[in-house]
Amino acid sequence: MKRISLLAGIAGLLALVILGAAKQLPEITVVSYGGGAYQDSHRAAFISPFAAKSNVKVNSTSWGAEYGRLQQMVRSGDVSWDVVEVTAAQYSRGVRDGLYSPLTRPIPPATFAPLAGGPVPTPFGVPNVYWSTVFAYQPKAFAHNPTSWRDFWDVQHFPGSRALYDNPRGTLEFALLADGVARDKLYPLDVDRAFRKLDVLRPHVRLWWKDGTEPVNALLTNRVVMSSAWSGRIYASAAARKEIQYTWIGAAHELDYWVIPRGSRNVELATEFIHFASTAQPMAKQAAATAYGPTNALAFSAIPKTVLPNLPTAPENWRVSFVVNANWWAANEQKIMQRWTIWRSKR
């Protein structure tokens, strides 16, 4: 009897082990470019619905689009990410450097919006969203509102501390606009001229922000009176929409891509996630939360009409702004980042 009981116990234990293994879900990690409200929009629009639909565990994390970090991960062979959101320039660089795995099945390009030359899905990545860096300010600080990057640099008529993104991409363009360069004449960037213009403003920059929540908080708390800021972070905050103003004049639009790092152990699941995230309804849901522009044209009919005028891709916003030249940055980003790091380290 003892032998039978022992065998029954072992059998029961094995059954529990097998049942536990059966309940273990397949798992992927999705990396958003930026945390806070933007990452929250990914969780709500893409990650949670995909996990429920596909019975997959999806880990959500974020990064600051530090290209060297992704490059090192792939080259080391120790790849812990499966889907990563990268800038258009990093998409181009990564394809050139062999950092991405191709999707296991293509996404039809027919429904993708024909903006800025018509970015469409490719074997190595899918355009996700147009987002914007705008000139934001605290209107209570001024007798009349500033309207341009020239005003951002004008500390005599618009006194007070400033904040800028701690990244040269976009920031150099803003400096050139402040110095009188036309939007359609920005590229190739006159880098020396941009840094000279930044030298003038540097004493008035109180905050070099790295995360999108920082400039919003700095403006709301009156730590600074002006800042570059991601428009979606302002839109996602009820307090910011009420108290902070911003202009689309001279705004920098950028396009992000979903990619699969080479070395991911879950390429098939990663492909399925990107397919889901590229459909109209999830894109529309993210747009409603962030007021960023979806790339799938079918999404626009599902976006609330009150949101549409706030999108970077709204015609009245698009025509007074510019698109960051991804090809120029793909060719020059590495050396410009090195120069930026040295410049920022100087007192």
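A residue counts as buried when its relative accessible area is under 20%, as exposed when that area is over 50%, and as partly exposed in between. Keep this in mind as you work through the exercises on this predicted model.

**Exercise 1. Decide whether F276 is buried or exposed, then do the same for F50.**

Step 1. The relative accessible area of F276 is 16%, so with a limit of under 20% F276 is buried.

Step 2. F50 has a relative accessible area of 2% and is buried as well.

**Exercise 2. Find out how the rings of F50 and F276 are arranged, and which parts of the chain they tie together.**

Step 1. Begin with the whole structure, where a search finds 31 aromatic pairs.

Step 2. For F50 and F276, the ring centres are 5.9 Å apart and the planes stand at 50°. Planes under 30 degrees apart would be stacked and those over 60 edge-to-face, so this pair is tilted.

Step 3. Now place the two residues: F50 belongs to helix α2 (residues 36-54), while F276 belongs to helix α11 (residues 267-277). The pair therefore ties together parts that are 226 residues apart in sequence.

**Exercise 3. Classify the ring pair of F135 and F152, and look at what surrounds it.**

Step 1. Here the centres are 5.3 Å apart and the planes are at 80°, so the pair is edge-to-face.

Step 2. F135 sits in strand β5 (residues 126-137) and F152 in helix α5 (residues 149-153), so the pair links parts 17 residues apart in sequence.

Step 3. Check burial: both F135 and F152 are buried.

Step 4. Look for further rings. A cluster linked by ring pairs holds F135, Y137, W149, F152, W153, F174 and F322.

Step 5. Finally, look for a charge. The charged end of R162 sits over the ring of F152, 5.8 Å from its centre. Elsewhere you can find R241 over the face of Y235, at 4.9 Å from the ring centre.

**Exercise 4. Work out which elements are tied together by the salt bridge between R169 and E254, and whether the two residues are buried or exposed.**

Step 1. Side chains of opposite charge can pair when their charged atoms come close. In the whole structure, a search finds 13 salt bridges.

Step 2. In the bridge between R169 and E254, the closest N and O atoms are 2.6 Å apart. R169 lies in helix α6 (residues 168-178) and E254 in strand β9 (residues 245-261), so the bridge ties together parts 85 residues apart in sequence.

Step 3. R169 and E254 are both buried.

Step 4. Follow the shared partners: salt bridges join R93, R169, E254 and E333 into one network.

**Exercise 5. Describe helix α4 (residues 88-97), its surroundings and the residue just after it.**

Step 1. List the buried residues of α4: A88, A89, Q90, Y91, R93 and G94.

Step 2. See what these buried residues pack against: β2 (57-63), α3 (67-76), β3 (83-87), β4 (100-101), β9 and α14 (326-345).

Step 3. Turn to R96, which forms a salt bridge with D97, with the closest N and O atoms 3.2 Å apart. R96 is exposed at 52% relative accessibility, whereas D97, at 26%, is partly exposed.

Step 4. Just after α4, G98 takes a positive phi of about 70°.

Notes: Residues numbered from 1 in each chain as written. Heavy atoms only, no water. Salt bridge = Lys/Arg side-chain N within 4 Å of Asp/Glu carboxyl O. Buried < 20%, exposed > 50% of the residue type's maximum accessible area, 1.4 Å probe, protein only. Helix = DSSP H or I, 4+ residues; strand = E, 2+ residues; numbered from the N terminus. Contact = heavy atoms within 4.5 Å. Phe/Tyr/Trp six-rings, centres within 6.5 Å; stacked < 30°, edge-to-face > 60°. Lys NZ or Arg CZ within 6 Å of the ring centre and 35° of its normal.
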